Amino acid sequence: SLDVRAGTLHAETGTTSDSEVRLMSADQTVDFQKNPSLKCKIHVGSDTHQTIHLRIDEFGGLVEGFGFNLSGNHIYGYSCGSINGGSQSSLLDLNTTFNAGDDLELEAIYIYNQRIEFYVNGELKGIKTDYLPQGGVGSYPKAMLIDVRILNTAAENKTLDVYYWMVEQDW
């Protein structure tokens, strides 16, 4: 279920195993060629049996994007690019864990065709230079502002609160 109140997005999976909640924007306004960055503050209710995606994604035949994957209590940097006519993605282990109930400030800065810098609570945790999104390769020329997903991998209710979500890019 999704609940938005006073500027907070609250998502709960329920207790059926492999249940997910996902919020995606319908507008495609992010241009990967204009050095976009994603910054968000979240509250995670659990640190086990869950997968959380916090991304900017472009769909339309091929998928491209960047952002964060949280699996269990580990944080990874994510990128997906169009390579040799197909979409390929990979994760970068940011060697960072969290506990249930933690608030996290996450930031991913994409320097077009060079690198993605991943920050957790203001500290640089990793730089990714492979599988970088190019933009405009699918049937949509630009990416969505928001792609938030939480999935439980056990019959347990998982929660995620997003306090803010900010995407910026060059003009």
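This report walks through a sheet, its enclosed strand S14, a glycine in a loop and two cysteines.

The model is predicted, so local features need pLDDT of at least 70 and side-chain atom pairs count only at pLDDT 80 or more, while totals for chains, interfaces and linings use all residues. Residues are numbered from 1 along each chain as its sequence is written, and side-chain values use heavy atoms, with hydrogens and water left out.

**The sheet**

Let's start with the strands, which are DSSP runs of E with at least two residues, numbered from the N terminus. Six of them form an open sheet in the order S3-S14-S6-S7-S8-S9, with antiparallel pairing. At its edges lie S3 and S9 (86-97), each pairing on one side only. From one strand to the next, the twist averages 15 degrees; the angle is taken between N-to-C directions of lines fitted to C-alpha atoms, on a scale from 0 to 180 degrees. In general, strands of a sheet pair through backbone hydrogen bonds, either parallel or antiparallel. Here, two strands count as paired if DSSP finds at least two bridges between them.

Three of these antiparallel pairs are set out below.

| Strand pair | Bridges | Residues standing opposite |
|---|---|---|
| S3 and S14 | five | Leu23 and Val148 (in S14) |
| S6 (residues 50-58) and S14 | six | Gln50 and Asn152 (in S14) |
| S8 (residues 74-83) and S9 | ten | Tyr76 and Asp93 (in S9) |

**Strand S14**

S14 (residues 147-152) is largely enclosed by the rest of the structure, because six of its six residues are buried; buried means under 20% relative accessible area, exposed over 50% and partly exposed in between, with a 1.4 Å probe and protein chains only. Asp147, Arg149 and Leu151 point one way from S14, and Val148, Ile150 and Asn152 the other way.

**Gly14 in its loop**

Gly14 sits in the loop between strands S2 (8-12) and S3 (20-24). With 27% relative accessibility, Gly14 is partly exposed. Leaving aside residues up to four places away in sequence, Gly14 touches Asn152, Glu156, Asn157 and Lys158, where contact means heavy atoms within 4.5 Å. Its C-alpha atom is separated by 13 Å from that of Ser46, 32 residues apart along the chain.

**The cysteines**

If you are thinking about disulfides (pairs of cysteine sulfur atoms within 2.5 Å), a search of the whole structure finds zero. The sulfur of Cys40 has its closest cysteine sulfur in Cys80, 19 Å away, which is too far for a bond. Cys40 is buried, with a relative accessible area of 0%, and Cys80 is buried as well, at 4%.

Definitions and conventions: Helices (H or I, at least four residues) and strands (E, at least two) are DSSP runs, numbered from the N terminus.
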